[in-house]
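Open the model in your viewer and keep a cartoon view ready. The tour goes from one selection to the next and says what is there.

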Amino acid sequence: VSAAGCSGRPHVLWPRPRSRPLLRPQPRTGLARLHHEGPGGACDVRLRLTKDVLTIQKQDVVCVRGGSHCAHVHLLRSAGDEVTITVEYLRDAPSFLNLPSGSPGPAGDHGSGACSPLFDSGLHLNGDPSSTAPSSPSSPVANEPKYEKRWLDTLSVPLSMARISRHKAGAETLRCSAFEVLALDGVSTGILQFRSAQEGAAWLRAVSANIRDLTLQSVRMANKCCSSCDQVVHMGWVIERLEDTGSCQTCCSKFLVLKGSSLHVFSTPPVSTLDWGRAEETYNLCEVLFKLHKLWLPDDCWLHADSGLEPWGLEDPQPYCFSVLVGHGQSRRFSVELGSELAAWATSFQRATFMEVQRAGSRTYTCSWQGDPLCFTVDFALGFTCYDSKTKNVLWRFKFSQLKGSSDDGNTRVKLLFQHLNSRQIEVKELEFQDLTAVLHCVHAFLAAKVASVDPAFVDSQSIGGRRFC
């Protein structure tokens, strides 16, 4: 209790609550069957998943103690101030694994009649769970080494920018209850087969979650070096279906990035500033139309519908698909491994397009009307305006709310139907564009952004890392 204040009442100084130490999540471990592409067959492995690494462990025999413990203690105590200890791996140890109990030892010991020290240790090293060994050696020797089976790390796959694939190489066929993880540098875990569909789905979601968290960290780091108008909204690996390629490969991996005003398509993730200029394709978001495909689940249902959508049809062999429609009627189809990833792409496309429409404000395209060269402008505030490209005189202007429909010939011409204010009269404007698809996608983007702008909750959510759109 401290001295009384102005009110004459004593002040009680309560001790500050101690902050609890942050607990690191425990690594996730589990067993799987590792299938190799080449010779060697398959083997049982243990998986160890941490925040940024997936480690493959294999079981092996190691020497854990040799000689008499008391003799070692005596040597260390009498060795002086400095001690040099050499640890060697017994390469002949695995050769004893398939020997029956009582078999002769390694080469050089033939005729000795002594049992292998692997079996004298009392461990079941021949892999036969039905075999038994005495609890204590029949003829203990004080200087015999001791051996144990242990899980040893054989491969570590970094998860930063890694990708997961359930597809067979270059094909649309999906593996059942199996997947592989490929690191940014191409290192692969191999095909990991799980005992059940539920276990495989759980591991798929766990590894995907860690990759997603690391990707978000990369997004935040990239956005620190970018202006508020050139922020990364979303990025990640997808599988693209190749149409009419004339080869046996029907699928390939791509890395998509929604950044600033564009959708970037990479063959490998950008890891440096120079990499951003090396995209295979770049599309303006105002001229891109995102299309979500109907969702269905495979017969084995090993991937649960974590997106909350129902299986509506069976026309698509890939369960989580979307298309990106670009200029001149071109379409690119992609798929992801989880429904949550599909939902993330749908939300991110909407968000990135809205931000680009807000930033750009308007877009203008050259066109012709009744043979005269004109300019057609889509403006977020004013709506649609058509003016003479030479004199700049405005020929007509309509608001977004006045657009009642459209029709096109699938080539270059489009008819826009507008309703006059305070009247039911419909006026048709027929225009011809060089890239009609891009113009229609732009009209759709501006209309969608206009509708979204009247939703306060949606507008308030459109920020990245505390930075609002331009």
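Which strands does helix 5 lie across? This is a predicted model, and in it helix 5 lies across strand 15 (362-369), strand 16 (372-379), strand 17 (383-388), strand 19, strand 20 and strand 21 (426-433). Relative to strand 15, helix 5 runs at about 140°.

Next, select the sheet. It is an open sheet of seven strands, in the order 18-17-16-15-21-20-19, and the pairing is antiparallel. At its edges stand strand 18 (394-398) and strand 19 (403-408). Each has a single partner strand, so one side of each is left without a neighbour in the sheet. On average, neighbouring strands of this sheet are turned by 30° against each other, direction ignored.

Stay at one edge and select strand 19 together with strand 20 (residues 413-419). The two run antiparallel and are joined by five bridges. Show the side chains of Leu-403 and Phe-418: Leu-403 stands opposite Phe-418, which belongs to strand 20.

Now go back to helix 5 (residues 436-452) and add helix 4 (residues 339-360). Their axes are 9 Å apart, and the helices pack at an angle of about 95°. Helix 4 and helix 5 are therefore roughly perpendicular to each other. To see the contact, show Thr-353, Phe-354 and Val-357 on helix 4, then Ala-445, Phe-446, Ala-449 and Ala-452 on helix 5. Which classes of residue make up the contact of helix 4 with helix 5? Six are nonpolar and one is polar, with no charged residues.

Technical notes
Residues are numbered from 1 along each chain as its sequence is written. This is a predicted model: local features need pLDDT of at least 70, side-chain atom pairs count only at pLDDT 80 or more; totals for chains, interfaces and linings use all residues. Side-chain values use heavy atoms; hydrogens and water are left out. Axes are lines fitted to C-alpha atoms, for helices over the stretch in contact, and angles run from 0 to 180 degrees between N-to-C directions. Helices (H or I, at least four residues) and strands (E, at least two) are DSSP runs, numbered from the N terminus. Angles under 35 degrees count as roughly parallel, over 145 as roughly antiparallel, 65 to 115 as roughly perpendicular and the rest as oblique. Contact means heavy atoms within 4.5 Å. Ala, Val, Leu, Ile, Met, Phe, Trp, Tyr, Cys and Pro count as nonpolar, Asp, Glu, Lys and Arg as charged, and the others, Gly among them, as polar. Two strands pair if DSSP finds at least two bridges between them.
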